[in-house]
Amino acid sequence: MSTMQTVELPVKEIFPDPDFNCRGPIVPFDVQDLMTSITANGLLQPIVVQPYLKGQYKWRVVMGHRRHKAFECLHKETMPCVIREGLSEVQARAENLIENLARKDLTIMQEARALQ
């Protein structure tokens, strides 16, 4: 069973694994509108991360790759995160896909990649 808690984590310690994300790599152009929204309204929903201890990273994004990229582009030091411990790789990937299907439409290539 997984557990959750919300904390402020350093953005530089969070790995936005493009191979894990069903959308693939996120580039700054993809988050321009989101950056404007965050600047005007703040972050409306924290990202979800899981423990990930490799190199400089302590966390990996499970859900919220676009929000994470927006915080990087805005040069924010920290960001609100929900920590999900105890997720298997399959559970984490399923959560990533479910969230993305419920949000901004995936391209056909992104859907195919996620289902692969």
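This report describes the fold, strand pairing and nonpolar cores of a predicted protein model.

Local features here need pLDDT of at least 70 and side-chain atom pairs count only at pLDDT 80 or more, whereas totals for chains, interfaces and linings use all residues. Residues are numbered from 1 along each chain as its sequence is written, and side-chain values use heavy atoms, with hydrogens and water left out.

The protein chain holds four helices and five strands, where helices (H or I, at least four residues) and strands (E, at least two) are DSSP runs numbered from the N terminus; along the sequence their pattern is β-β-α-β-β-α-β-α-α.

Strand β3 (residues 47–54) has the two pairings tabulated below, pairing being assigned if DSSP finds at least two bridges between two strands.

| Pair | Sense | Bridges | One bridge |
|---|---|---|---|
| β3 and β5 (residues 78–85) | parallel | three | V48 with V82 |
| β3 and β4 (residues 57–63) | antiparallel | five | P51 with W59 |

β3 and β4 form a hairpin with two residues between them, and G55 in that turn has a positive phi of about 60°.

The largest nonpolar core (buried Ala, Val, Leu, Ile, Met, Phe, Trp, Tyr and Cys residues joined through side-chain atoms within 4.5 Å; buried meaning under 20% relative accessible area, with a 1.4 Å probe and protein chains only) has 17 residues, and L9, I14, I47, V49, M79 and C81 have the most contacts inside it. Elements giving two or more residues to this core are α1 (32–41), β3, β4, α2 (65–73) and β5. Another core, of seven residues, lies apart from it and includes F20, V82, L87 and A92.

Key:
Buried means under 20% relative accessible area, exposed over 50%, partly exposed in between (1.4 Å probe, protein chains only).
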